[in-house]
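User: Can you walk me through this structure? I'm new to this, so keep it short.
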Amino acid sequence: MTLQICVAQLNFVVGDMPGNARKIIDAATSAYAQGARLLITPELSICGYAAEDLLLRPAFIDACDDALKTVARELAGLKGLHVVVGHPEGGGLRTRSVAVTRRHNRASVLCEGQVVAHYDKRELPNYQVFDERRYFTPGQGVGVFEVEGVQVGLLICEDAWFDEPARLARDAGAQVLAVLNASPFHAGKGVEREQRMRERVADCGLPLVYAHLVGGQDEVIFEGRSFALNTQAQVVARAEGFREAALTLQADLLPGQAGVDLTAPAHALVPLASHDAELWDALVLGVRDYLGKNGFKGVILGLSGGIDSALVLAIAVDAIGADKIHAVMMPSPYTADISWIDARDMVKRLNVRYDEIAIAPLFDGFKQALAGQFAGLKEDTTEENIQARIRGTLLMALSNKTGALVLTTGNKSEMATGYCTLYGDMAGGFAVIKDVVKTRVFDLARWRNLNDPYGSGSQPIPERIITRPPSAELRPDQKDQDSLPAYEVLDAIIQRYMENDEGVEALIADGFERQDVEKVTHLIKLNEYKRRQSPVGIRVTHRSFGKDWRYPMTNKFRA
């Protein structure tokens, strides 16, 4: 006997319960027509992940309950179809007199209009971007149900990273594990995830289906790549990453045994992408979903002729198309001729709208207005910042007038060290490469010039933009490295100190110059106030400047 299973790898919108329910219904109807009798959706598929403090509102939970009933009702006529749906369950804080609220992260099994089984998530993550203990109570039971003679055990995301939940499901009779997931992306997470699930299969002896969410939600990306492992812990099926997909496989009863194993056709095993390709896809998806889910029709960005803005422009074109993008060059008195030439070259390659607004007259006006206040004082970074803030003001004015969103172009190396101007180049609505260090910016630019994954045009970034020394061009002959360590050194310190929490002395012991380490770590601490006021940006590492990073601006601690 063979049970056909379909994983509905879908892109949901947080809070759009009717729309999310419709996606589940359509996926189930299609899968059923193709022979599937078990459809598995991702974690919290009814409401989207992560709903954050919306989960504390009773009306939100009520709307989730209504959507679950809608899915059950509309699929009631599909005889024998079992649909696993993720949703929040439990009472909200309905009156001031309620002292304790029990709310669960639940998976319910729908069949012919009824909830025939359910499972509440046991292991609630509370690290990195996760705050599940703020919203949910740990489950206590197991969830095992039968479909066409196969016993299916339910787990939800974090449960599968621990031994006990899978063992309990096996001991309750499960022959295959179905894991609902909303596991945020960071570079390398896909390989790590599959390895941990191999360990789970090896420990409990059961094959495993991993149903994963896809899509962007504010700063977090879910990359999909749902997969299935057989009893030998081999990947037999894997969906494409960063796109919606229906992953179909089979659960086969082993002859003469009580066990079950999973198989799939060869075309169901999509290979893993390269690190650069998956990072590019994550950034493209993050831009597309932030704009699309929030109703923006287009974007504006400042194009300087430098590497960061060039990369952001290329990502934006791949995400939403050239016709929705407005690039603005705002030369200062210190802008090099090659910056003009390269910016014009790039917009011609990508066919985006392009305008130039000289800021020299505005800069002169600011200096004249402040002349009396600045009398007797030398020019310094104040004048540099005025130029950046003029540009930010112009971009925000264009955004207000047209309704397009300003994309900021600062990278993680700049965010870490404060090499950015508050209310200047930090002004905007979405920070595309906020979690990409400078060395990776160059890597991605080179990769994109060799690849055209979205058909937007080959070699979009002029080679000179990649090879010339980076400069903010806010004073004569300025170079980034005049005030920062070499980017290879800077980025390595950021990774080890900020992302991995390694200590100053450990870095020095490994060969980094004390002067560099102390300077970079001091700048990271000093510029927390800037980062708190920066736009939300796409998270692509295991620790970003966002929900992962929670340091007080006011503190006296020094390592």
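Analyst: Sure. Arginine 196 is partly exposed, with a relative accessible area of 27%. One thing to keep in mind: this is a predicted model.

User: What does arginine 196 pair with in a salt bridge?
Analyst: Its partner is glutamate 199. The closest N and O atoms of the two are 3.4 Å apart.

User: Where do glutamate 199 and arginine 196 sit relative to each other?
Analyst: Both are in helix 5, three residues apart, so about one helical turn separates them. In general, an α-helix has 3.6 residues a turn, so residues three or four places apart point the same way.

User: And glutamate 199, how accessible is that one?
Analyst: Glutamate 199 has 37% relative accessibility, which counts as partly exposed.

User: How many salt bridges are there in total?
Analyst: The count is 43.

User: Which residue does aspartate 203 meet in a salt bridge?
Analyst: Arginine 167. The N to O distance is 2.7 Å. This pair links distant parts of the chain. Aspartate 203 is in helix 5 (residues 189-204), while arginine 167 is in helix 4 (residues 163-171). They are 36 residues apart.

User: Are those two buried or exposed?
Analyst: Partly exposed, in both cases. Aspartate 203 has a relative accessible area of 28%. Arginine 167 comes to 34%.

User: Got another salt bridge for me?
Analyst: Try glutamate 505 and arginine 514. Their closest N and O atoms are 3.2 Å apart. Glutamate 505 is partly exposed at 48% relative accessibility. Arginine 514 is partly exposed too, at 37%.

User: Which residues are joined into one network by salt bridges that share partners?
Analyst: Asp163, Arg167, Arg200 and Asp203.

User: New topic. How many disulfides are there?
Analyst: Zero. A disulfide is a covalent bond between the sulfur atoms of two cysteines.

User: Why is cysteine 6 not bonded to cysteine 111?
Analyst: Distance. The sulfur of cysteine 6 is 16 Å from the one in cysteine 111, so the two are too far apart for a bond. And cysteine 111 holds the closest cysteine sulfur to it.

User: Is cysteine 6 buried or exposed?
Analyst: Cysteine 6 is buried, with a relative accessible area of 5%. Cysteine 420 counts as buried as well, at 8%.

User: Now helices. At what angle do helix 7 and helix 8 pack?
Analyst: About 10°, with their axes 11 Å apart. That makes helix 7 roughly parallel to helix 8. Helix 7 covers residues 307-320 and helix 8 covers residues 337-350.

User: Which residues meet there?
Analyst: From helix 7, Ala310, Leu313, Ala314 and Val317. From helix 8, Met346, Val347 and Leu350. The contact has seven nonpolar residues, no polar and no charged ones.

User: How about helix 6 and helix 12, what angle do they pack at?
Analyst: About 95°, with axes 10 Å apart. So helix 6 is roughly perpendicular to helix 12.

User: And which residues make that contact?
Analyst: Helix 6 brings His275, Asp276, Ala277, Leu279, Trp280 and Leu283. Helix 12 brings Arg440, Asp443, Leu444, Trp447 and Arg448. They divide into six nonpolar, one polar and four charged.

User: Where is asparagine 20?
Analyst: In helix 1 (residues 17-33). Asparagine 20 counts as buried, at 2% relative accessibility. Leaving aside neighbours within four places in sequence, asparagine 20 is in contact with Phe12, Val13, Ser45, Ile46, Cys47 and Gly48.

User: Which residues of helix 14 are buried?
Analyst: Among them are Tyr487, Leu490, Asp491 and Ile493. Others on the list include Arg496, Tyr497 and Glu499.

User: What covers the buried residues of helix 14?
Analyst: The cover includes helix 11 (412-417), helix 12 (438-450), helix 15 (504-509) and helix 16 (514-526).

User: What happens just after helix 14?
Analyst: Aspartate 501 takes a positive phi of about 60° there.

User: Last one. Where is glutamate 513, and is it buried or exposed?
Analyst: Glutamate 513 is in the loop between helix 15 and helix 16. Glutamate 513 is exposed, with a relative accessible area of 54%. Compare its position with glycine 215: the two are 298 residues apart in sequence and 41 Å apart in space, C-alpha to C-alpha.

How values were computed. Residues are numbered from 1 along each chain as its sequence is written. This is a predicted model: local features need pLDDT of at least 70, side-chain atom pairs count only at pLDDT 80 or more; totals for chains, interfaces and linings use all residues. Side-chain values use heavy atoms; hydrogens and water are left out. A salt bridge is a side-chain nitrogen of Lys or Arg within 4 Å of a carboxyl oxygen of Asp or Glu. Helices (H or I, at least four residues) and strands (E, at least two) are DSSP runs, numbered from the N terminus. Buried means under 20% relative accessible area, exposed over 50%, partly exposed in between (1.4 Å probe, protein chains only). A disulfide is a pair of cysteine sulfur atoms within 2.5 Å. Axes are lines fitted to C-alpha atoms, for helices over the stretch in contact, and angles run from 0 to 180 degrees between N-to-C directions. Angles under 35 degrees count as roughly parallel, over 145 as roughly antiparallel, 65 to 115 as roughly perpendicular and the rest as oblique. Contact means heavy atoms within 4.5 Å. Ala, Val, Leu, Ile, Met, Phe, Trp, Tyr, Cys and Pro count as nonpolar, Asp, Glu, Lys and Arg as charged, and the others, Gly among them, as polar.
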